[in-house]
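Student: Please show me the model, and then let us discuss its pockets.

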Amino acid sequence: MDLDAYTAAHRGEWDRLTQLAAQPTLSGREADELVELFQTGSAQLSALSSSVGQSIPGDRLSIALSRARLRFTGANDNPLRAIPRFFVLQLPAALYRLRWLTLAVAAATILIAVVLATWVNGDHAVLAALGNQADLKKLVDSEFVDYYRTNPAASFFGQVWTNNAWVAAQSIAFGITGIYPAVVVVQNAVNVGIDAAAMFAFGKGDVFFSFVLPHGMLELTSIFVAASAGFRIFWAWVVPGARTRSRSLAEEGRSLFIVAIGLTMSLFVSGVIEGFVTPSHLPVWLKISIGAVALAAFLAYMLVVGGRAARAGETGDLDAADRGATQLVAG
């Protein structure tokens with residue numbers, strides 16, 4: 001395709017599309033013309049993108065199409081089509097892109113927790129620094145289990161769900177600093193390590209795992225993913241590669257912040273398990289199996305569905321018509 005010739009041939013249509021999209025009011029005939037020009041322009045943008053890739057005329061046409069869409073729809077897309085696309089393509093693709101970083105965050109958390117628990121449990125002086133013998137025994141014998149059983153299941157579920165979802169959202173939103181996600185990772189590892197050390201010191205390691213694993217497998221994985229998204233956003237502006245820092249940050253931010261929405265749902269599931277399954281008197285093997293099934297479903301969605309979406313070219317970002325031009329030019 002000769003880009004200059006194609007642009008010259010259709011410039012009049014694109015200018016008219018831009019003019020109509022900018023008008024404060026439209027007559028019936030003008031509204032029909034805008035819809036027709038939008039449909040034609042969408043096909044022309046597709047032809048430009050497939051033939052010459054990104055170009056200045058294509059970027060200008062993309063901006064005009066975005067403005068035109070808002071004029072006659074008032075919204076970016078039909079929700080009945082946007083919702084399936086979100087769950088089948090955008091969200092799983094965004095999760096899939098975080099798979100290796102999530103694995104690294106999980107490994108770091110487990111390593112810190114195991115090293116800390118081993119150190120505390122192996123040094124009586126360090127264990128004593130956590131509290132006197134009576135307080136530690138009270139924690140092991142009653143407080144650890146009572147934490148899950150004292151409050152009504154419904155209110156406890158609501159409390160842990162909103163708290164975990166808020167932590168996950170903050171990890172992504174403040175990920176640009178590179179500090180907040182690291183703090184979340186270290187705090188989680190320290191809390192798990194200290195609780196494990198105290199429980200194992202008094203021979204209650206089985207109780208620890210029976211009350212942490214059912215919900216903790218999915219809950220901690222969700223937090224690992226949130227921290228990974230935060231780190232990725234931080235890295236986007238530190239090392240943008242061939243992109244400008246603003247463009248790199250915008251693209252990664254758009255594609256990864258939807259992860260916060262997805263994690264709200266996975267943390268909802270882990271909250272239900274923590275509120276109703278973990279404190280129940282079901283057999284331990286059954287409680288852990290329920291948690292394992294929930295984790296397996298999340299990983300299958302992330303890796304299988306996400307891998308399929310990523311191979312189809314999905315990144316989790318908005319469509320070209322929705323995000324507009326990625327580079328502003330004068331003229």
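Tutor: In what follows, Ala, Val, Leu, Ile, Met, Phe, Trp, Tyr, Cys and Pro count as nonpolar, Asp, Glu, Lys and Arg as charged, and the others, Gly among them, as polar. The model is predicted, with local features needing pLDDT of at least 70 and totals for linings using all residues. Residues are numbered from 1 along each chain.

Student: Which class is most numerous in the lining of the largest pocket?

Tutor: A pocket is an open set of points on a 1 Å grid with protein on both sides within 12 Å along at least five of seven lines, and lining residues have an atom within 4 Å of a point. The largest pocket has about 730 Å³ of space (the volume filled by probe spheres of 1.4 Å set on the points). Among its 26 lining residues, Y147, N164, N188, N191 and E219 are the closest to its centre. By class, four lining residues are charged, eight are polar and 14 are nonpolar.

Student: Which helix gives the largest share of that lining?

Tutor: Helices are DSSP runs (H or I, at least four residues). At least two lining residues come from each of α7, α8, α9 and α10. The largest share, eight residues, comes from α9.

Student: How many residues does α5 give to the lining of the second largest pocket?

Tutor: This pocket is lined by 29 residues, with A106, T109, I110, L220 and F224 the closest to its centre. Two or more lining residues come from each of α5 (99-122), α9, α10 and α12 (284-311). The lining divides into one charged, seven polar and 21 nonpolar residues. The share from α5, the largest, is 12 residues.

Definitions and conventions: Predicted model: local features only at pLDDT ≥ 70, side-chain atom pairs only at ≥ 80, totals over all residues. Heavy atoms only, no water.
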